[in-house]
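Biologist: I am new to this structure and would like to go through it step by step. Could you show it to me before I begin to ask?

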Amino acid sequence: MEIRSLAIDIGASSGRLIQGTLEDDMISLEEIHRFKNQITNKRDQKGNEHACWELDKLYNEILVGIKKSKSNDIESIGIDTWAVDFVLLNSANEVIGDTVSYRCHRTDRVMEEVFDIISKEEIYNKTGIQFLQFNTIYQLYAVKKSDPEYLEEAKSFLMVPDYFNYLLTGKKSNEYTNATSTQLFNVSTKSWDQEILKQLDIPSSIFNDPVKPGTVIGEIKDELKESLDIEELKVIAPATHDTGSSIVAVPTNSADYAYISSGTWSLMGVETKKPICTKKALEYNFTNEGGAYETNRFLKNIMGLWLIQEVKKELNDQYDFGELVELAKEEQAFNSLINPNDSRFLNPESMIAEIKKYCQETEQVVPQKPGELARCIFESLAFQYKQVLEELTEVTTKEINKIHIIGGGVQNEFLNQLTADITGLEVYAGPIEATAIGNLLVQYIALGYIDSLEEAREIVSNSFTIKNYTPNLSLEEVENNWIKFKELQN
Ligand code: ADP
Ligand code: LRH
């Protein structure tokens with residue numbers, strides 16, 4: 001029997017609708033629709049400029065994709081997107097203001113203001129979430145300062161996938177995995193932290209009790225059934241946080257690995273049963289994000305392929321990603337390294353200028369050519385992976401013998417090899433569409449076609465080619481540059 005479902009996976013750089021077909025213990029994919037996602041600057045009525053998402057356009061692309069799919073053969077659909085961003089709805093269920101992106105500079109220095117009200121330690125003990133200036137908690141605090149009337153008017157808080165689910169079904173819900181990313185969610189009680197909300201004067205009435213991945217949100221609305229020419233279609237919440245979906249699709253049931261979910265961000269960590277909120281975890285700024293089926297993602301955000309996306313854009317897209325990788329390979333090794341997680345790279349005016357400035361300030365060769373910039377980015381990311389690996393091993397005391405890379409970044413074979421070379425571990429790369437696959441698998445479990453997460457991962461391992469990379473660089477070469485990289489962190 002063939003079972004078809006549709007994954008709608010929208011990352012920061014692109015969105016896609018992928019139809020999955022489950023047959024026996026194999027899953028196959030068909031890409032139905034793909035579209036670009038990007039941030040645009042908008043000025044609001046008060047004259048403040050914000051970096052914004054265009055949710056109306058994205059929703060329209062979702063509808064175009066559903067229409068293109070053979071929807072009447074499909075049992076269900078599920079939506080995941082990037083985390084932390086949200087909309088506030090008023091009493092007429094209209095979105096209040098623009099949907100501001102997490103990269104907007106409105107949260108620069110806001111974290112420190114919040115720490116004056118609640119200490120960093122208290123926030124971490126309660127939420128277990130890493131400190132990133134763009135977490136929802138700081139975004140809401142920024143709204144409170146600049147547009148307090150928004151929070152007075154707000155009746156509902158929906159994260160981006162919750163909002164699309166609402167548009168499709170008319171049902172409002174807050175899905176659990178994404179809710180944990182807000183840093184407003186209590187890691188022990190598994191509910192919105194009422195104390196934090198009170199201390200920051202954020203109305204708790206706008207939040208719903210969280211629903212777990214696999215919950216049927218509802219049937220698609222009647223008016224949409226008509227316009228999309230569909231008889232029936234269930235909307236199921238997968239792990240609506242894209243990283244949560246991607247980790248469902250790691251192609252192994254072994255325990256001795258770290259994963260890198262590699263896309264706009266590189267999310268590197270391990271899966272644990274329980275959150276780890278120790279002093280060391282806080283010091284290294286690790287996060288504990290809620291996963292599907294009671295799993296915990298103990299990981300760290302690494303700036304990731306955003307760095308090369310921005311360089312590519314600034315070069316007017318005259319090279320595609322594959323060409324930039326080829327150009328990087330031709331350049332000399334370890335000429336210049338950056339600290340990818342330096343906040344200056346979060347959303348600079350010009351990524352190229354910022355990388356050059358960094359190299360100048362740290363008295364290194366300044367990369368000029370596209371290939372030199374790309375090589376600097378890829379090598380720096382690989383060293384950052386080594387650093388996070390060491391911290392992970394120290395904090396979790398877990399034996400890590402291999403790295404699984406999943407997501408769009410899998411296509412960068414040069415980076416996969418560098419990751420093996422620099423960490424000294426075997427790397428397994430694939431699948432590319434892990435997020436959409438994880439999204440589909442949760443739908444299949446919810447529909448009763450797959451029994452467990454273990455069975456789901458077995459299916460991924462049966463269905464996709466996973467490429468192996470073995471470390472192949474002299475220890476001395478790695479060591480010399482590792483010392484240089486570590487100096488940059490200070
Ligand atoms: P997101 O979901 O965050 O938008 P993806 O998982 O789609 O990101 O991954 C996008 C990244 O994949 C790009 O930034 C790029 O670096 C990488 N990528 C895509 N295609 C290729 C390719 N042909 N060669 C090398 N890298 C690629
Ligand atoms: C990756 C991701 C990541 C979050 C960031 C906002 O797409 O969801 O897990 O930290 O975007």
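**Two ligands and two domains**

Modeller: This is a predicted model, and a good place to begin is the shell around ligand 1, whose residues divide into 5 nonpolar, 12 polar and no charged.

Biologist: Which elements give two or more residues to the shell around ligand 1, and which of them has the largest share?

Modeller: The shell around ligand 1 holds 17 residues, and the closest are G11, S13, G263, T264 and G408. Two elements give two or more residues to this shell, namely helix 12 (306–314) and helix 13 (321–330). The largest share, 3 residues, comes from helix 13.

Biologist: Where does ligand 1 lie with respect to the domains?

Modeller: The domain assignment of the chain gives domain 1 (3–242) and domain 2 (250–430 + 451–490). Because both domain 1 and domain 2 give residues to the shell around ligand 1, the place of that shell is between them.

Biologist: From which domains does the shell around ligand 2 draw at least three residues each?

Modeller: Around ligand 2 there are 14 residues, with W82, A83, D242, T243 and W265 as the closest. By class, the residues of this shell divide into 7 nonpolar, 6 polar and 1 charged. At least three residues come from each of domain 1 (3–242) and domain 2 (250–430 + 451–490).

Biologist: How many residues of domain 1 are in contact with domain 2, and how do the residues on that side of domain 1 divide by class?

Modeller: The centres of domain 1 and domain 2, taken over C-alpha atoms, are separated by 26 Å, while 26 residues of domain 1 are in contact with 22 residues of domain 2. On the side of domain 1 that touches domain 2, strand 3 (26–36), helix 3 (120–127) and helix 7 (176–180) each supply at least two residues. That side of domain 1 has 12 nonpolar, 11 polar and 3 charged residues.

Biologist: UniProt lists A12 under "binding site" in an unreviewed entry; is A12 buried or exposed?

Modeller: The UniProt list for "binding site" includes A12 along with S13, S14 and others, and A12 is placed in the loop between strand 1 (3–10) and strand 2 (14–23). Leaving aside its neighbours within four places in sequence, A12 is in contact with N37, W82 and T264. Because A12 has 22 C-beta neighbours inside 10 Å, and 20 or more are needed, A12 counts as buried.

Biologist: How does G408 count, buried, partly exposed or exposed?

Modeller: G408, which is also on the UniProt list for "binding site", is found in the loop between strand 19 (402–406) and helix 16 (413–423). Not counting residues up to four places away in sequence, G408 touches S262, G263 and I432. Because G408 has 19 C-beta neighbours inside 10 Å, G408 counts as partly exposed.

Biologist: Turning to the whole chain, what is its radius of gyration?

Modeller: The chain contains 19 helices and 21 strands, and its C-alpha trace spans about 65 × 55 × 45 Å along the principal axes. With 490 residues, a compact globule would have a radius of gyration near 23 Å, and the chain agrees with this at 22 Å.

Biologist: What percentage of the 490 residues is buried?

Modeller: Among contacts in the chain with a separation of 6 or more, residues 24 or more positions apart account for 75%. As for burial, the buried residues make up a share of the 490 residues that comes to 49%.

Notes. Residues are numbered from 1 along each chain as its sequence is written. Chains are lettered from A and ligands numbered from 1 in the order in which they are written. This is a predicted model: local features need pLDDT of at least 70, side-chain atom pairs count only at pLDDT 80 or more; totals for chains, interfaces and linings use all residues. Helices (H or I, at least four residues) and strands (E, at least two) are DSSP runs, numbered from the N terminus. The radius of gyration is taken over C-alpha atoms; the globule rule is 2.2 Å times the number of residues to the power 0.38. A residue is buried if 20 or more other C-beta atoms lie within 10 Å of its own, exposed if 12 or fewer, and partly exposed in between; C-beta atoms are placed from the backbone. Two residues are in contact if their C-beta atoms, placed from the backbone, lie within 7 Å. A residue is near a molecule or strand if its C-beta atom, placed from the backbone, lies within 6 Å of it. Ala, Val, Leu, Ile, Met, Phe, Trp, Tyr, Cys and Pro count as nonpolar, Asp, Glu, Lys and Arg as charged, and the others, Gly among them, as polar. Domain bounds come from an automatic or database domain assignment. UniProt positions are given in the numbering used here, feature names are shortened, and annotations may be inferred rather than shown by experiment.
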